[in-house]
Amino acid sequence: MTRLAVTSALVVVALVVGAAMSWAARSVRPWSVPAGQVQVVACQVSWNSYTRKPTLLKSSRKPCDGMWRVAIDAKGRIALKHTGNPVIGIRVTANETTVGRGITAGASGGSSTTDLTVHDARLGRALNLTRAADARRLGQGAGFWVVLTHDDR
């Protein structure tokens, strides 16, 4: 590549980055959200090995306020429906039984649905929970704590 081509490429990158930063600075949402405008919602998602479906563990001590539905989506992920949009932060922690089986989960989302991709370290891949063999890998007692922080404005 010639020196002119390299310089031109760097200028184009600088212009794109500058434009993106300028747009982000004018965004209607500030870089931080005041504490009174943030809500944290937490719930335990438990795996039922007999029905091969996830459930929300609700009780008087753990009401799961703000989370109202959990199911398996077409891609074999755990889909969690909840109030709160946009989501600022998501934390998923596997319980002891799940970790002991070499299984973890990662979350993705940002709106009123959060998808948990379940990964089996022993198999070295993500599980597709629509498949019976993959669903059996979770087993009875498996579950995840899900904590969502969202903008409550």
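In what order do the elements of the chain run from the N terminus on? In this predicted model, the order is α-β-β-β-β-β-α-β-β-β-α-β. The chain thus contains 3 helices and 9 strands. A reader who follows the structure from its N terminus meets a helix, then a run of five strands, then a helix, three strands, a helix and a final strand.

The overall packing may be considered next. The chain has 153 residues, of which 31% are buried. About 9,400 Å² of the chain is exposed, and carbon and sulfur atoms supply 58% of that area. The contacts also show how the sequence folds back on itself: of those between residues at least 6 apart in sequence, 61% join residues at least 24 apart.

The interior can be approached through the largest nonpolar core, which has 25 residues. Which of these residues touch the most other members? They are L56, M67, I78, V118, L138 and F144. Several elements give two or more residues to this core: the strands β1 (38-48), β3 (67-72), β4 (78-82), β5 (87-94), β6 (103-109), β7 (113-120) and β9 (143-151), together with the helix α3 (132-138). Strand β1 provides the largest share, with 4 residues. L138 offers a view of the packing around a single residue. Apart from its neighbours within four places in sequence, L138 is in contact with W47, R101, I103, V118, L129 and F144. Two of these partners, V118 and F144, are themselves named among the residues that touch the most other core members.

V118 also leads to the pairing of strands. Strands β6 and β7 run antiparallel and are joined by 7 bridges. They form a hairpin, with 3 residues between the two strands. Within this pairing, A105 has V118 in β7 as its bridge partner. In a regular strand, side chains alternate between the two faces of the sheet.

Charged side chains add another set of links. Side chains of opposite charge can pair when their charged atoms come close. How many salt bridges does the structure hold? There are 5 salt bridges. One of them brings together the side chains of D115 and R77, at 3.4 Å from N to O. This pair links distant parts of the chain, since D115 lies in strand β7 and R77 in the loop between β3 and β4, 38 residues apart. D115 has a relative accessibility of 15%, so D115 counts as buried.

Strand β7 takes part in a second salt bridge, between D120 and R137, whose closest N and O atoms are 2.5 Å apart. Here too distant parts of the chain are linked: D120 belongs to strand β7 and R137 to helix α3, with their positions 17 residues apart in the count along the sequence. Are the two partners buried or exposed? D120 counts as buried because its relative accessibility is 0%, whereas R137 is partly exposed, with a relative accessible area of 26%.

A further salt bridge joins the side chains of R131 and D134, at 4.0 Å from N to O. R131 is partly exposed, with a relative accessible area of 48%, while D134, at 4% relative accessibility, counts as buried. Finally, salt bridges that share partners join D73, R77 and D115 into one network.

Note on methods
Residues numbered from 1 in each chain as written. Predicted model: local features only at pLDDT ≥ 70, side-chain atom pairs only at ≥ 80, totals over all residues. Heavy atoms only, no water. Buried < 20%, exposed > 50% of the residue type's maximum accessible area, 1.4 Å probe, protein only. Contact = heavy atoms within 4.5 Å. Areas by Shrake-Rupley, 256 points an atom, 1.4 Å probe, with all protein chains shown as cover. Core = buried A, V, L, I, M, F, W, Y, C linked by side-chain atoms within 4.5 Å. Pairing = 2+ DSSP bridges.
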